[in-house]
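Trainee: Please take one part of this structure and look at it closely, residue by residue, in one connected account. I would like to follow which parts meet there and how they are arranged.

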Amino acid sequence: MLERLIGEYGVLAVFIGAGVEGETAAFLGGVLAHRQLVPYWQVALAACLGSFAADQFFFLSGRYATKWSYVQKLLESGPIARVTKLLEAHPTGFILAFRFIYGMRTISPVAIGVSNVSTRKFIILNAIAALIWGVAITAIGFLAGHAVEILIGRLELHLHVLIALALAAILVGVSAYAVRREMARRSARSGTWRRG
């Protein structure tokens with residue numbers, strides 16, 4: 001029953017999940033592809049398109065819908081100053097990288113939308129970044145599914161997914177810690193340089 005539902009709606013779920021939630025949906029899509037419930041190319045494409053569509057929506061919200069209470073709330077949040085600072089310092093690099101930085105995924109395209117970055121430039125860079133992100137995260141899920149099977153053997157689908165999710169949570173936590181530590185180090189170094 002579960003496998004049939006995944007076969008029918010798994011790709012759609014990855015598309016929606018990649019836009020709404022992000023990494024977990026794309027990662028699970030890779031695990032499901034490893035279990036041969038859905039073709040890998042379909043979940044990778046769904047993750048790319050879902051991520052691209054969501055970030056375009058948030059970018060256009062920042063550009064044309066700043067009166068929406070949700071957009072105003074994002075623009076008044078704490079991380080907006082850090083996002084704006086990174087965007088001003090490295091616009092192209094930041095647009096390519098923000099979806100890989102945990103905790104900046106939703107606010108960043110809104111901030112880019114209110115900046116002077118052109119719509120054309122954002123669409124091109126967003127498409128490139130979404131393609132890299134979608135393929136990479138689903139591939140990590142696929143490899144994690146393979147690793148679980150090698151280490152533990154063929155499991156029931158729900159157990160396989162739970163173990164893969166635990167691995168994903170560990171990877172995301174470690175990555176987020178490393179990125180935040182590096183950003184804090186760079187921020188402290190640039191502050192020291194300015195004071196000198």
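Mentor: Two residues are in contact here when heavy atoms of theirs lie within 4.5 Å of each other. The structure is a predicted model, and the part I have chosen is helix H7, together with the residues around the salt bridge.

I begin with the setting. The chain has 9 helices and 0 strands, and from the N terminus on its elements run α-α-α-α-α-α-α-α-α. Of its 196 residues, 39% are buried. Among the contacts in the chain with a separation of 6 or more, 77% join residues that are 24 or more positions apart.

Helix H7 spans residues 107-114. Buried means a relative accessible area under 20%, and because 7 of the 8 residues of H7 are buried, this helix is largely enclosed by the rest of the structure. The buried residues are Ile-107, Ser-108, Pro-109, Val-110, Ala-111, Ile-112 and Gly-113. Their cover includes H3, helix H4 (69-75), H5, H6 and H8. Two of these helices, H3 and H5, deserve a separate description.

Two packed helices are described by the angle between their axes and the distance between the axes. For helix H3 (residues 40-64) and H7, the axes come within 7 Å and cross at roughly 40°. Angles under 35 degrees would count as roughly parallel and those from 65 to 115 as roughly perpendicular, and H3 and H7 are therefore oblique to each other. Their crossing is right-handed. On the H3 side the contact is made by Asp-55, Phe-58, Phe-59, Gly-62 and Arg-63, and on the H7 side by Pro-109, Val-110, Ile-112, Gly-113 and Val-114. Sorted by class, this contact of H3 with H7 has 6 nonpolar, 2 polar and 2 charged residues.

Helix H5 (residues 80-89) packs against H7 at an angle of about 60°, with the two axes 10 Å apart. H5 and H7 are therefore oblique to each other as well, and their crossing is right-handed. Here Ile-80, Val-83 and Leu-87 of H5 meet Ile-107, Ser-108, Ala-111 and Ile-112 of H7. By class, the contact of H5 with H7 has 6 nonpolar residues, 1 polar residue and no charged residues. Ile-112 is named on the H7 side in the contact with H3, and it is named again in the contact with H5.

From Ile-112 the path leads on to Ile-95, a residue of helix H6. Leaving out residues up to four places away in sequence, Ile-95 touches Leu-87, Ile-112, Val-117, Phe-122, Leu-125, Asn-126 and Ala-129. Leu-87 is one of the H5 residues that meet H7. Ile-95 has a relative accessible area of 0% and therefore counts as buried. Its C-alpha atom is separated by 6.5 Å from that of Leu-125, although the two residues are 30 residues apart along the chain.

Asn-126, another of the residues that Ile-95 touches, belongs to helix H8 (residues 119-152). Asn-126 counts as buried because its relative accessibility is 0%. Apart from neighbours within four places in sequence, Asn-126 is in contact with Phe-52, Asp-55, Gln-56, Ile-95 and Arg-99. Two residues in that list, Asp-55 and Arg-99, are themselves a pair: their side chains meet in a salt bridge, at 2.8 Å from N to O. This pair links distant parts of the chain, with Asp-55 in helix H3 and Arg-99 in the loop between helix H6 (91-97) and H7, 44 residues apart. A search of the whole structure finds 1 salt bridge. Asp-55 counts as buried because its relative accessibility is 1%, and Arg-99, with a relative accessible area of 0%, is therefore buried too.

Asp-55 brings the account back to where H3 meets H7, since this residue also takes part in that helix contact. Further along H3, Ser-61 lies in the helix as well. With a relative accessible area of 4%, Ser-61 is therefore buried. Setting aside neighbours within four places in sequence, the contacts of Ser-61 are with Thr-66, Trp-68 and Val-71.

Definitions and conventions: Residues are numbered from 1 along each chain as its sequence is written. This is a predicted model: local features need pLDDT of at least 70, side-chain atom pairs count only at pLDDT 80 or more; totals for chains, interfaces and linings use all residues. Side-chain values use heavy atoms; hydrogens and water are left out. Helices (H or I, at least four residues) and strands (E, at least two) are DSSP runs, numbered from the N terminus. Buried means under 20% relative accessible area, exposed over 50%, partly exposed in between (1.4 Å probe, protein chains only). Axes are lines fitted to C-alpha atoms, for helices over the stretch in contact, and angles run from 0 to 180 degrees between N-to-C directions. Angles under 35 degrees count as roughly parallel, over 145 as roughly antiparallel, 65 to 115 as roughly perpendicular and the rest as oblique. A crossing is left-handed if the near helix is turned anticlockwise from the far one by less than a right angle, and right-handed if clockwise. Ala, Val, Leu, Ile, Met, Phe, Trp, Tyr, Cys and Pro count as nonpolar, Asp, Glu, Lys and Arg as charged, and the others, Gly among them, as polar. A salt bridge is a side-chain nitrogen of Lys or Arg within 4 Å of a carboxyl oxygen of Asp or Glu.
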